[in-house]
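Visitor: I am new to this structure and would like to learn how to read it. Could you walk me through a few features?

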Amino acid sequence: MTNQSATPSTLSRLRALSPNVRLTRDDARVIAERQANKLIELLDASDGIQESHIGELPRIRIIREALPTSGLSYWNGIEWIIVLNESESPTRQRFSLLHEYKHVIDHGQQQMLYASEQDAERAADYFAACVLMPKRDLKRVYCTVTQRVEALADYFGVSPSALRIRL
């Protein structure tokens with residue numbers, strides 16, 4: 001009988017990219033982008049992350065409900081629950097899903113990593129924007145197709161505000 005170690009989960013591999021120190025805002029953006037790129041690589045989703053990619057990860061369940069916010073996430077003791085606001089557009093829900101997934105990645109380290117809740121929210125927004133608009137794709141489209149915010153947002157299937165976060 002061979003002793004094979006289990007392959008680390010996607011979540012543990014993304015968490016391993018976070019240092020055990022307080023991050024500056026710039027460092028938080030660098031880490032969020034590294035995690036976004038790693039997620040795309042691990043899910044073999046160079047053509048874009050969809051809800052199904054996240055929903056198929058172990059111990060992740062996505063549900064929709066009427067919420068006063070765009071989304072929330074929590075551990076129920078068995079799995080991570082990501083709740084999306086059912087009244088928002090699919091574009092907004094996809095961004096919120098990835099924003100909440102970043103909170104799952106940061107769970108247990110958030111107070112150490114970020115100086116404030118606002119910094120944690122900015123990092124989650126930036127992570128979602130990086131996943132939806134990888135730098136090399138954004139540069140290619142920006143330099144060869146269009147520089148108009150609305151056209152770029154349409155190209156990537158995001159809102160203009162999500163594009164501005166990425167830019």
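Guide: We will look at one serine and its surroundings, and then at the nonpolar cores. Please keep in mind that this is a predicted model.

Visitor: Where is Ser70 placed?

Guide: To place a residue, look for the elements on either side. Ser70 sits in the loop that runs between β1 (60-65) and β2 (71-75).

Visitor: Is Ser70 buried or exposed?

Guide: Here a cut-off helps: buried means under 20% relative accessible area. Ser70 has 18% relative accessibility, so this residue counts as buried.

Visitor: Which residues is Ser70 in contact with, leaving aside neighbours within four places in sequence?

Guide: Residues separated along the chain can still meet in space. For Ser70, the contacts are Val83, Leu84, Asn85, Glu88, Arg92 and Ser96. Take Glu88: it lies 18 residues from Ser70 in sequence, with 7.4 Å between their C-alpha atoms.

Visitor: What polar contacts does the side chain of Ser70 make?

Guide: Look at the side chains of two residues from that list. The Ser70 side chain has a polar contact of 3.0 Å with the side chain of Glu88, and another of 3.1 Å with that of Arg92.

Visitor: Which residues touch the most other members of the largest nonpolar core?

Guide: In a core, try following who touches whom. The largest nonpolar core has 38 residues, and Leu39, Ile49, Ile54 and Tyr101 touch the most other members. Helix α6 (residues 117-132) gives the most to this core, with seven residues. Apart from this core lies another, of seven residues, including Leu23 and Tyr114.

Key:
Residues are numbered from 1 along each chain as its sequence is written. This is a predicted model: local features need pLDDT of at least 70, side-chain atom pairs count only at pLDDT 80 or more; totals for chains, interfaces and linings use all residues. Side-chain values use heavy atoms; hydrogens and water are left out. Helices (H or I, at least four residues) and strands (E, at least two) are DSSP runs, numbered from the N terminus. Buried means under 20% relative accessible area, exposed over 50%, partly exposed in between (1.4 Å probe, protein chains only). Contact means heavy atoms within 4.5 Å. A polar contact is a pair of N or O atoms within 3.5 Å; within protein, one must be able to donate a hydrogen and the other to accept it, and residues adjacent in sequence count only if both atoms are side-chain atoms. A nonpolar core is a set of buried Ala, Val, Leu, Ile, Met, Phe, Trp, Tyr and Cys residues joined through side-chain atoms within 4.5 Å.
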